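Work through these exercises with the structure in view. Try each task before you read its solution.

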Amino acid sequence: MDLYDCIHKRRDTRHFTKDEVPEEVLLKALDAAHAAPSVGLTEPWRFLIVKSQQKKKDIKALFDDSNKRAKLGINNERQSKLYSALKLEAIEETPLGIALFCDHSMLEGFTIGTIGNSSTLEWSCACAVQNLWLSLTEQGYGAGWVSIMDYEKFEGLFDVPETWQSLGYMCVGKPATDYGGEPMLQKENWKKRSPKPYIEYV
């Protein structure tokens, strides 16, 4: 698949088939993630592969609690109904998930590129996640990034060091749809995607 085709075909997927994810597909995607650029060559990304149904159930409970609170914050009735109709996760439906973390222990010593803003570590992790996502897409698989949850409680579900910051959870599997070649939120009339990026020459 051409790189630009892959970029444009990538979807934040919420609908999956029952197909398993072969180990070689997962490892190839993780290898692509690890090839991402990172500030000061820190490689701060940490991936925990979740296959346990009990762990998925615990993560789903965190999502449900946070999602209920999110709905309460919507004042527009039409928007509230539309939000309630959106499928925003597939935590228990996918064969595996990936808990995403950023390891801030790199900041315990001098770290190139973090003096102005230590968030460059998280930006590096975002690059890794994008590589992982594109690799899955190229291989015919997909992922959905779940960010609606209490991150402190999410971290509590895993025995991770205090320096690990949660970045959310990815549901991984075989996509059941490509949403008509457009983002799901656009397909469901939540929001229209901008046709062009914002650019200003200064």
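**Exercise 1. Find what stands opposite Asp 103 in β4, then describe how β4 pairs with its neighbours.**

Solution. Asp 103 faces Trp 164 in β4. Strands here are DSSP runs of E of at least two residues, and helices are runs of H or I of at least four, numbered from the N terminus. Two strands pair if DSSP finds at least two bridges between them. β2 and β4 are joined by eight bridges and run antiparallel. Next, take β3 (residues 142-146): five bridges join β3 to β4, again antiparallel. Gly 142 has Gly 173 as its bridge partner in β4.

This is a predicted model, in which local features need pLDDT of at least 70, side-chain atom pairs count only at pLDDT 80 or more, and totals for chains, interfaces and linings use all residues. Residues are numbered from 1 along each chain as its sequence is written, and side-chain values use heavy atoms, leaving out hydrogens and water.

**Exercise 2. Check the span of α2 and decide where its buried residues lie.**

Solution. The expected span is 1.5 Å times one less than the number of residues. For the twelve residues of α2 that gives 16 Å, and the end C-alpha atoms are 16 Å apart, so the two agree. Now list the buried residues (under 20% relative accessible area; exposed is over 50%, partly exposed in between; 1.4 Å probe, protein chains only). They are Val 25, Leu 26, Ala 29, Leu 30, Ala 32 and Ala 33. Their arc, taken from the directions from the helix axis to the C-beta atoms, is only 155°, so they sit on the same side of α2. Glu 24 and Asp 31 are exposed on the other side. The buried residues pack against β1 (45-50), β2 and α5, where contact means heavy atoms within 4.5 Å.

**Exercise 3. Which element gives the largest share of the largest nonpolar core?**

Solution. A nonpolar core is a set of buried Ala, Val, Leu, Ile, Met, Phe, Trp, Tyr and Cys residues joined through side-chain atoms within 4.5 Å. The largest has 26 residues. α2 (23-34), β2 (96-103), α5 (120-138) and β4 (164-173) each give two or more. The largest share, seven residues, comes from α5.

**Exercise 4. How many disulfides does the structure hold?**

Solution. A disulfide is a pair of cysteine sulfur atoms within 2.5 Å. The search finds zero. The sulfur of Cys 125 is 3.6 Å from that of Cys 102, its closest, which is too far for a bond. Cys 171 is in no disulfide either: the nearest cysteine sulfur, in Cys 125, is 19 Å away.
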